[in-house]
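User: Please take a close look at the aromatic ring pairs in this model. I would also like to know what surrounds them, in the helices, strands, loops and cavities.

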Amino acid sequence: MTDETARTDGHRVALPDEAATEKLGRDLAAILKPGDIVALSGHLGAGKSLLARAILRELADDPALEAPSPTFTLVQSYETPRGGVIHADLYRVRSPDELDDIGLIEDLERGITLVEWPDRAGTRLPAGRRLDIVLEVDPKAPETGRIAHLAGGVLWRARLTVAIATRRLVDAAGWGDARRDFMLGDASTRAYERLTREDGQSAILMISPPRPDGPAIRLGKSYSAIAHLAETVDAFVAMDRGLRSLSYSAPEILAQDLSTGLLLIEDLGDQGVIDADGPIPERYEAAARLLADLHRHTLPTILPVAEARDHVVPDYDRGALAIETELVLEWYAPHIAGVTLPAVTQAEFSRIWGRLFDEVLDAPWTWTLRDFHSPNLIWLPERAGHARLGLIDFQDAVLGHPAYDLVSLGQDARVDVPAALELRLLAAYGAARRAVDDGFDLAVFARAYAILGAQRNTKIAGIFARLDKRDGKPAYLKHLPRIEAYLRRNLEHPALAELKAWYQAHLPTLFEVE
């Protein structure tokens, strides 16, 4: 999208030629979701079918897809990697009632719908998820030029702003002609694309618009505020620069739009720290030694983002630790264990955790990257030393106990880590710490490791239950048996005897192993 001018009713996009129209189609395809309706209006020859075809080809991941306008069939359906897509041409429709005969309206919620001549539908196309695009001939270049006017509701205006800013960013960075492929995201609201040039060079586009604060749930603060979750890309930029200053392989930032929440970053590749058999021990041990190296540094608490713009790394404080454990009460207990816990039982849970938090909060702090596990670790064999390990997804970093990230690794939420390998990781970490600090006490560290392991897996059990029940993402439930096993493993530590007794009394299904 180029040469845009914001208007009260949307955006105006100049399209000097067919290539620009096709590029607009690809940009729009990147932000479309099931349930969206793209209504294409304009006179004959204005370019509606060309734009629809470009959108379809991008959604289908097939640049050769013919996708003719369904003038005579009225509706054409496609199955794409992004789900079902319907392309409708209503030019021959004389009454909105005819839409019932072709089943168009009843299919709107099931996939993405592209509609040419939407005026023939009357009021039958709902406005909430509808993006209206009016194409007209550019009077300054009538042979090839077109002007697109894009307008939609509040949600569309936000999405269009991101799409237009993305086009501006990648064009300015010299990646405007790169192929853009949607990447499977994580459990967050962030989105990612891999940009690939004709010469094979690639980069990652991270799309993370500022996240609006959620409803206040305690002391006037939202969950994300209490748990210290990043709400802008400032945190990623700051931590990225901090890690790179220590010669760790965080991705280079190639271009950024901080206000919109867009980053074009180095593509570290796809080679991870696991294979078909599970964790690769040598790579996990390298990750443990990297943490030991990080934890020997005296680290800043304030990091630069841009000129006159800093990020303060928040404390992993009692409030954050506590509200994370409470997710198991709110989501796991009722929806997985099938129990509703009375207030007195929940208060006892909080009291036990409060005593445990006293121990870990009294220790020296370090940067806690928070999700230091296999999905966020990339193996870079061409590099040397600690730089062989690529690091991503650290925007929620806090100042916390050094054991937390080792727990994230040794009790990886996405892959089974055998107990024997977990002990090797503790040993590797301990040896590296003792090599530079004779006073490092592995037994004290192991106690904190068990406490934070129980805290992290309690939190994750709640998160995975919430992802299923609230967010409609049941795929995360397949990881629950692993999380429950890790939690049981941690509860065997003597420091957690009281907490184990609480779990046995009130969530006994945790101990019912098939």
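Analyst: Happy to help; the ring pairs come first, and their surroundings follow.

A word on the basis: this is a predicted model, in which local features need pLDDT of at least 70 and side-chain atom pairs count only at pLDDT 80 or more, while totals for chains, interfaces and linings use all residues. Residues are numbered from 1 along each chain as its sequence is written, and side-chain values use heavy atoms, with hydrogens and water left out.

Across the whole structure, a search turns up 12 aromatic pairs. Here rings of Phe, Tyr and Trp (its six-membered ring) pair if their centres lie within 6.5 Å; planes under 30 degrees apart are stacked, over 60 edge-to-face, and the rest tilted. One of the pairs is F236 with F394: the ring centres are 4.6 Å apart and the planes meet at 20°, so this pair is stacked. F236 sits in helix α6 (residues 234-245), whereas F394 belongs to the loop between β20 (389-391) and β21 (398-400), so the stack ties together parts 158 residues apart in sequence. Helices (H or I, at least four residues) and strands (E, at least two) are DSSP runs, numbered from the N terminus. Both partners are buried, F236 with a relative accessible area of 2% and F394 with 1%. Buried means under 20% relative accessible area, exposed over 50%, and partly exposed in between (1.4 Å probe, protein chains only).

W502 and Y503 give another geometry: with centres 5.3 Å apart and planes at 90°, their pair is edge-to-face. W502 is buried at 3% relative accessibility, and Y503 is buried at 1%. These two rings also belong to a cluster, in which ring pairs link F349, W353, F357, W502 and Y503.

Helix α9 leads on from there. In α9 (residues 327-337), the buried residues are L327, V328, L329, W331, Y332, A333 and A337. Their cover includes α10 (343-361) and α15 (497-506), along with α5 (223-227), α8 (318-325), α13 (442-469) and α14 (480-491). Just after α9, G338 takes a positive phi of about 75°.

Two residues that are not glycine take positive phi as well. H228, with phi of about 60°, lies in the loop between α5 and α6, and at 21% relative accessibility it counts as partly exposed. L74, with phi near 75°, is in the loop between α2 (48-60) and β4 (75-80); L74 is buried, at 13% relative accessible area.

For a loop residue with many neighbours, look at D412, placed between α11 (403-410) and α12 (419-436). D412 is buried at 0% relative accessibility. Leaving aside residues up to four places away in sequence, D412 touches Y284, H373, S374, P375, V407, V417, R482 and Y486, where contact means heavy atoms within 4.5 Å. D412 and P279 are 133 residues apart in sequence, yet their C-alpha atoms are 9.2 Å apart.

Now the strands. Strand β11 (residues 202-207) is mostly covered, with five of its six residues buried. Strand β10 (residues 191-196) pairs with β11 in the antiparallel sense over six bridges; two strands pair if DSSP finds at least two bridges between them. In this pairing, A191 stands opposite I207. Five residues lie between the two strands of the hairpin, where G200 has a positive phi near 95°. Strand β13 (residues 262-266) also runs antiparallel to β11, joined to it by five bridges. In β13, L262 is the bridge partner of I207.

Last come the cavities, of which there are three at 30 Å³ or more. On a 1 Å grid over the protein atoms alone, a cavity is a set of points where a 1.4 Å probe fits but cannot get out, and lining residues have an atom within 4 Å of a point. The largest cavity has a volume of about 100 Å³, counted as the space filled by probe spheres set on the points, with points joined across faces, edges and corners. Its lining has 13 residues, and R190, S208, A230, E231 and T232 lie nearest the centre. By type, the lining divides into five nonpolar, five polar and three charged residues. Ala, Val, Leu, Ile, Met, Phe, Trp, Tyr, Cys and Pro count as nonpolar, Asp, Glu, Lys and Arg as charged, and the others, Gly among them, as polar.

Notes. On a 1 Å grid over the protein atoms alone, a cavity is a set of points where a 1.4 Å probe fits but cannot get out, and a pocket is an open set with protein on both sides within 12 Å along at least five of seven lines; lining residues have an atom within 4 Å of a point.
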